[in-house]
Amino acid sequence: MRMRDVATKYSFDLKDVKTILNNKKSGERSFFLEDYTLNPYMGCSFNCSYCYVNGSKYADQTSSMTVKSNACEILRTQLKNKAKNGERAVINLGSATECYMPIERELGLTRNVLKIINRFRFAVHIITKSDLILRDIDILKKIQKSAILPKDIVVKYKGDEDELYKLKAILTFSFSTTDDKIAEIFEYNASRPSKRLKAIKRLKKEGFLTGVSLMPILPFISDTEEGLNKICSDFKKYDVDYIIPGPLTLFGDGSNHSRIRYLVALKKYCPEVYEKTAKMFQKKDNLSRIYQKDLNEKICRISKNFNIKTSII
Ligand code: SF4
């Protein structure tokens with residue numbers, strides 16, 4: 001099927017872009033270790049009610065969806081030039097939108113992007129909520145075998161060949177909970193947490209560095225001592241390599257903006273925590289500094305108890 005037909009079938013538009021790699025990050029590496037971010041699609045059919053994109057400065061709403069139709073062509077040119085100039089980088093897929101939405105099963109755009117990344121021997125870090133990533137194990141293995149890492153990472157791990165090998169293809173699954181029933185309320189279209197956990201098991205078995213982005217941690221639902229202990233215990237059972245935690249942020253006051261959509265879902269399905277959550281987000285996007293500090297300390301302490309790192313390296 002032609003790209004246009006597949007896009008139409010899944011209600012995506014097509015758009016040519018001028019660049020596919022977002023500006024190189026400067027200074028310290030972020031939690032995700034990336035040099036560049038790359039998103040083959042714009043908008044997201046998973047449409048999670050808490051999605052930070054909705055109502056934020058990043059996009060008006062994730063329900064307007066686009067395939068970057070010339071992504072492969074542009075990427076080939078950009079990576080060819082970078083490789084020619086001796087540049088090495090970790091490319092992060094999935095920073096702004098899911099790269100394994102249902103459309104990807106038919107279109108294979110993320111898969112083709114990975115093939116190009118492999119051809120020019122760059123490293124990847126994929127963040128996803130979908131077990132469709134398992135389809136691409138073959139290419140990810142090739143990347144793990146042949147990517148050339150940026151110098152600063154090699155220097156950091158001098159002598160530790162096992163660690164270096166694994167850092168060439170880093171795979172992170174995003175969770176807000178490990179409870180399928182709760183996930184069904186807030187992230188209905190994504191693979192259920194139980195499926196994501198099974199995918200982690202498979203990827204670990206295949207020898208990949210596989211961890212978790214525990215973002216957003218939902219106030220009064222997954223942020224309690226009991227809730228975080230349960231979540232970390234689930235992650236431990238599946239032997240995740242790391243947990244990168246993050247609090248909830250809610251933006252906007254439009255009907256499709258995350259602040260409204262999340263609070264509406266909360267009122268309907270978790271009325272016992274609605275009032276206190278709404279109060280925490282009254283006239284602000286972020287939770288208070290004190291809450292964030294306490295949450296960070298709590299998750300770091302609990303992860304440590306389970307012997308799970310809170311950073312990739
Ligand atoms: S999967 Fe990520 S990008 Fe897509 S709607 Fe959910 S939070 Fe937003």
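Q: Buried means under 20% relative accessible area, exposed over 50%, and partly exposed in between. Why is Asp138 called partly exposed?

A: In this predicted model, Asp138 has a relative accessible area of 36%. That value falls between the cut-offs of 20% and 50%, so Asp138 is classed as partly exposed.

Q: What makes the contact of Asp138 and Arg111 a salt bridge?

A: The term requires a side-chain nitrogen of Lys or Arg within 4 Å of a carboxyl oxygen of Asp or Glu. The side chains of Asp138 and Arg111 meet at 2.8 Å, N to O, and the pair therefore satisfies that limit. Asp138 belongs to helix H5 (residues 137-146) and Arg111 to helix H4 (residues 109-119). The two residues are 27 residues apart, and the pair links distant parts of the chain. Asp138 and Arg111 also take part in a network of salt bridges together with Glu104, Arg135 and Asp136. A search of the whole structure finds 21 salt bridges.

Q: How do you know that Glu184 and Arg192 meet in a salt bridge?

A: Their side chains are 4.0 Å apart, N to O, and the pair is counted because the cut-off is within 4 Å. The partners differ in exposure class: Glu184, with a relative accessible area of 40%, is partly exposed, whereas Arg192, at 18%, counts as buried. The value for Arg192 is under the 20% limit, and so the residue takes the buried label.

Q: Why are Asp234 and Lys230 given their exposure labels?

A: Asp234 has a relative accessible area of 8%, which is under 20% and therefore buried. Lys230, at 48%, lies between the two cut-offs and is therefore partly exposed. The side chains of Asp234 and Lys230 meet in a salt bridge of 2.7 Å, N to O. Both residues lie in helix H10, 4 residues apart, about one turn of the helix.

Q: What makes strand S7 largely enclosed by the rest of the structure?

A: Of the 7 residues of strand S7 (residues 169-175), 7 are buried, so the strand is largely enclosed. Both of its faces are covered. On one side stand Ala169, Leu171, Phe173 and Phe175, and on the other Ile170, Thr172 and Ser174.

Q: How do you know that S7 pairs with S6 and with S8?

A: Two strands pair if at least two bridges are found between them. Strand S6 (residues 123-128) is joined to S7 by 5 bridges, and S7 is joined to S8 by 6 bridges, so both counts meet the requirement. S6 and S7 run parallel, as do S7 and S8. His125 stands opposite Ile170 in S7, and the bridge partner of Phe175 in S8 is Leu214.

Q: Why are S1 and S3 called edge strands?

A: The open sheet of 3 strands has the order S1-S4-S3, with mixed pairing. S1 and strand S3 (41-42) are its edge strands, as each pairs on one side only. S1 and strand S4 (residues 66-68) pair in the parallel sense over 3 bridges, with Asp13 opposite Thr66 in S4.

Q: What makes Ser11 and Asp239 noteworthy in their phi values?

A: Most residues other than glycine have a negative phi. Ser11, which is not a glycine, has a positive phi of about 60 degrees. Phi of Asp239 is also positive, near 60 degrees. Ser11 lies in the loop between helix H1 (3-9) and strand S1 (13-15), and Asp239 in the loop between helix H10 (225-237) and strand S9 (243-247). At 54% relative accessibility, Ser11 counts as exposed, while Asp239, at 42%, is partly exposed.

Q: Which peptide bond is cis, and where does Pro216 lie?

A: Most peptide bonds are trans. The bond from Met215 to Pro216, however, is cis, with omega near -5 degrees. Pro216 lies in strand S8 (residues 209-217).

Q: Why can Lys198 belong to a positive surface patch?

A: Patch residues need over 30% relative accessible area. Lys198 has 58% and is exposed, so it passes that cut-off. The patch is formed by Lys198 with Arg105, Lys195, Lys201 and Lys205. Helix H9 (residues 193-205) supplies the largest share, 4 residues, and Lys198 lies in that helix.

How values were computed
Residues are numbered from 1 along each chain as its sequence is written. This is a predicted model: local features need pLDDT of at least 70, side-chain atom pairs count only at pLDDT 80 or more; totals for chains, interfaces and linings use all residues. Side-chain values use heavy atoms; hydrogens and water are left out. Patches are made of residues with over 30% relative accessible area and no salt bridge: like charges are joined within 9 Å, nonpolar side chains (Val, Leu, Ile, Met, Phe, Trp, Tyr) within 5 Å. Accessible areas come from the Shrake-Rupley method with a 1.4 Å probe; for residues, only the protein chains shown count as cover. Lys and Arg count as positive and Asp and Glu as negative; His and the chain ends are not counted. The place of a charge is taken as NZ of Lys, CZ of Arg, CG of Asp or CD of Glu. Buried means under 20% relative accessible area, exposed over 50%, partly exposed in between (1.4 Å probe, protein chains only).
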